[in-house]
Amino acid sequence: MREMIRDEVNQSIIISGESGAGKTETAKIAMQYLAALGGGSGIEYEILKTNPILEAFGNAKTLRNDNSSRFGKLIEIHFSETGKISGAKIQTFLLEKSRVVQCSEGERSYHVFYQLCAGAPPTLREKLHLKSAAEFKYLSQSNCYTISGVDDAEQFRVVTEALDIVHVKKEDQERVFAMVAAVLWLGNVSFTVVDGENHVEPVLDEGLTNVATLIGCNVEELKLALSTRKMRVGKRNDTIVQKLTLAQAVDTRDALAKSIYSCLFDWLVEQINKSLAVGKRRTGRSISILDIYGFESFERNSFEQFSINYANERLQQHFNRHLFKLEQEEYIQDGIDWAKVDFEDNQDCLNLFEKKPLGLQSLLDEESTFPNGTDLSFANKLKQHLDSNPCFRGERGKAFTVRHYAGEVRYETTGFLEKNRDLLHLDTIQLLSSCTCHLPQAFASSLLNQSDKPVVGALHKSGGADSQKLSVTTKFKGQLFLLMQRLENTTPHFIRCIKPNNFQSPGTYNQGLVLQQLRCCGVLEVVRISRSGFPTRMSHQKFARRYGFLLLDHVASQDPLSVSVAILHQFNILPEMYQVGYTKLFFRTGQIGVLEDTRNHTLHGILRVQSCFRGHQARCHIKELRRGISTLQSFIRAEKTRKEYAILLQRHRAAISIQTQVKAKIFRKNLKRLSDASTVVQSVIRGWLVRRCSGDIALLQFGGRMGNETEEVVVKSLFLAELQRRVLRAEAALRVKEEENDILHQRLQQYDNRWSEYELKMKSMEEVWQKQMRSLQSSLSIAKKSLSFDDNSHRNSDASVNGNNDERDSSSSWDTGGILRIHQSSNGGRSAASPGLTVISRLAQEFEQRSQIFGDDAKFLVEVKSGQAEASLDPDRELRRLKQMFEGWKKDYGSRLRETKLILNKLGSENGSSAGKPRNKWWGRMNSSRMN
């Protein structure tokens, strides 16, 4: 942490050791320590809670370790500028998928299976149809269901709590556990043979139905995906369906289970990374903790141990490079006295794995591409090409031995090719993509997007899946290469975990085992280098800049090398405890600590003096500020008082003005009220007077039209007012009528436009009908002519060729009347054509009747539309219905006409065959002339 903040360089902690040595626990302790140092933001608690989740889904019990990591992980913890944790990112490597479907005796599968079976609440257990672990075939293979001292139910509670802390929703948690349960139920799916070629299909039992329910797919689709396989053959990539044998069906089922669990693990890691990175500000400073599977050597070692031990060889090379090669190369380059320390280099073993084209991995990938490649052929190929390598030894059968840095390991090639291919066929991916559940759809997308390059060659043609683009070995090698690149850009710190015994027993110390691990890991050589070497080094410029202030000014102003030597002499550092190189100073262990203590003590004194002086300056400044503040406050308070007085005076004047306005308004209202009352009284009195005067005038006019001129003027004025009111009402009514008239004109214009459109549509429909009528008439006339021609050929079968030519010339003038006359005749020679003429006559009559009916109906609808005829119907709707009826009759009439032609042609061919060869020649010539 200090180096990261001081040097602004990313750091890495590489934890290594054999399986069961305590790497996972060491990584957790390191994370807890970093969380304690950089905590305070709250994110550190989420980072620590990722351990239970990753252990539940990625750790399992093996013969050597009760909590063995079956995957590798790199935890990158980011820090802010102040050294506080601001986020994290987790990267995983090569999950051991085969453990999902196969466990050795005395081992367990992944912890989450047993935790779910033991700790799931009743509602979840009922929803997932869970049983005890012993009732699932995937878990019952090893006869090991518990771990001593571990409560699986309690661990399940811890896992669910951790999922809540890393912000995985409850709905997503249920989907995750549903996928885990689906994997368990897949192991219980059984098969039955359906034919004599050992082809099988899944048994429709609770295992199959529960799997379909949990992943959200159709049971029949699941049965097809497990019992059949689609293959592309030929140049056009035609698809054929192949039924699977029992072994192939079991492999397909296991491949589906492994893919679901692997995708689920990757999805969980992705969700954790989203939780740890959202809203967190990164500065580029980070500390990475690498916890990867340790070196493994069992009685029977397979592809998993092959890959794990290769990863450990690569990490050992990284260890050797930094602690031996680079260290000693730096000593030699800087020109210091140094006796080289010998160490065991594992480069030969790495070349055995990585060399092209005759390395272990290259030969494995090459054999995996052959459809007929077997594990035995792969073992024989290794013995053929690698027997001369000192790190390789061929064994009898399918075995071979590799000499690793930690010892020799004997590998069995059984299953190497299948695990390296790790094929998942396209049928299974399509099944996942068709599921209604969200997670299987995401898994299918992930499988389809694993690589940009498709599989080519024989593997693709043999029905390989599109999902697996690269071999497992190639992908893992690429991941390790990126990991090494990332570690090379950091300052590494190595932790070697030593296993005291092979029995997982406390208090037992096996000296031989410990010594072997120390030798194999290169720890003894590291101790020798540390004792005789110079672990602390610093450039001249940096050393002078860091400790130069401890010297006098005239010495500190010299060149960096002189300043560095002066510092060493001033503090009496012995010559054998350091060496001066061309560019750097090299110190033995503990020497730089003396300088750091002196520097810190001096800086502490300087800071004390600076603090006292700055305190005095601050106190003086505070006094001046207080005096200035008091003066400023007095001015501000006076100004504030003056403003308040001005506001009060303004308010007083405003109140007086408001009162004046209000009183005036009240007086005006009272005056208006009196005026209105007076007007009302006056109007009432005047009205009464007018009515009385008007009554007297009427009486005077009736009696002899007596009265003076004043009364006549009053009456005329009343009539004039009434006339004015009537004129106003008439004008208002006139305006209303004009507006209505404009609206009616607009509507009339719209109706005219619509009528024009309807007329165009009617004309187009009439033209279409006329064309269709003409096509039907032409078809009918051709049929009539064909039938008349056939009848004529019967009657003149014995005539000469010249006579036949004359008849062909005259046959073109036959019409419908001629056909009817032929139909009425009853000669024996025309008896074969009489039924055909009858059918043709009926079709002609039906055509004329239907044409007349449709024409009359269309004409009537046009008259209704144009307003020439009246009817209570919608002409547009009736016209569409009439068109549909016409199209239906036309289609039926055409089909009957074609059937009639076929029948007549058949009758003609039969009659032609009975007439002998001369007649056939005549019929052929006649047809050719007609065609011409």
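**A walk through the model: rings, a hairpin, cysteines and a patch**

Okay, let's start with the rings. Phe303, Phe306, Tyr310, Phe353, Phe378, Phe392, Phe400, Tyr411, Phe416 and Phe476 are linked by ring pairs into a cluster. Before I go on, keep in mind that this is a predicted model.

So how many aromatic pairs turn up in the whole structure? The search finds 27. Let me show you a pair I like, phenylalanine 319 with phenylalanine 494: the ring centres are 4.9 Å apart and the planes sit at 90 degrees, so we call that edge-to-face. Now look at where those two come from. Phenylalanine 319 is in helix α13, residues 303–333, while phenylalanine 494 is in strand β14, residues 491–497, so the pair ties together parts that are 175 residues apart in sequence. As for cover, phenylalanine 319 is buried, with a relative accessible area of 3%, and phenylalanine 494 is partly exposed, at 22%.

Helix α13 also gives us tyrosine 331, whose partner is phenylalanine 586 in strand β17, residues 584–587; that links parts of the chain 255 residues apart. This pair is edge-to-face too, with 5.7 Å from centre to centre and 80 degrees between the planes. Both of these residues, tyrosine 331 and phenylalanine 586, are buried.

Next up, a hairpin. Strands β4 and β5 form it, with 5 residues between them, and glycine 83 in the turn has a positive phi of about 90 degrees. The two strands run antiparallel, and 8 bridges join them. If you want a spot to find on screen, try glycine 72, which stands opposite phenylalanine 93 in β5. And is β5 enclosed or open? Of its 9 residues, 85–93, 7 are buried, so the strand is largely enclosed by the rest of the structure.

On to the cysteines. A disulfide, remember, is a covalent bond between the sulfur atoms of two cysteines. The count here is 0 disulfides. Why is cysteine 349 not bonded to cysteine 391? The closest cysteine sulfur to that of cysteine 349 is the one in cysteine 391, and at 5.1 Å it's too far for a bond. Cysteine 349 is buried at 3% relative accessible area, and cysteine 391 counts as buried too, at 4%.

Last stop, the surface. Ile658, Val662, Ile666 and Phe667 form a nonpolar patch there, with about 400 Å² of accessible area together. Valine 662 belongs to helix α27, residues 591–703, and is partly exposed, with a relative accessible area of 42%.

That's my tour, thanks!

How values were computed: Residues are numbered from 1 along each chain as its sequence is written. This is a predicted model: local features need pLDDT of at least 70, side-chain atom pairs count only at pLDDT 80 or more; totals for chains, interfaces and linings use all residues. Side-chain values use heavy atoms; hydrogens and water are left out. Buried means under 20% relative accessible area, exposed over 50%, partly exposed in between (1.4 Å probe, protein chains only). Helices (H or I, at least four residues) and strands (E, at least two) are DSSP runs, numbered from the N terminus. Two strands pair if DSSP finds at least two bridges between them. A disulfide is a pair of cysteine sulfur atoms within 2.5 Å. Patches are made of residues with over 30% relative accessible area and no salt bridge: like charges are joined within 9 Å, nonpolar side chains (Val, Leu, Ile, Met, Phe, Trp, Tyr) within 5 Å. Accessible areas come from the Shrake-Rupley method with a 1.4 Å probe; for residues, only the protein chains shown count as cover. A salt bridge is a side-chain nitrogen of Lys or Arg within 4 Å of a carboxyl oxygen of Asp or Glu. Rings of Phe, Tyr and Trp (its six-membered ring) pair if their centres lie within 6.5 Å; planes under 30 degrees apart count as stacked, over 60 as edge-to-face and the rest as tilted.
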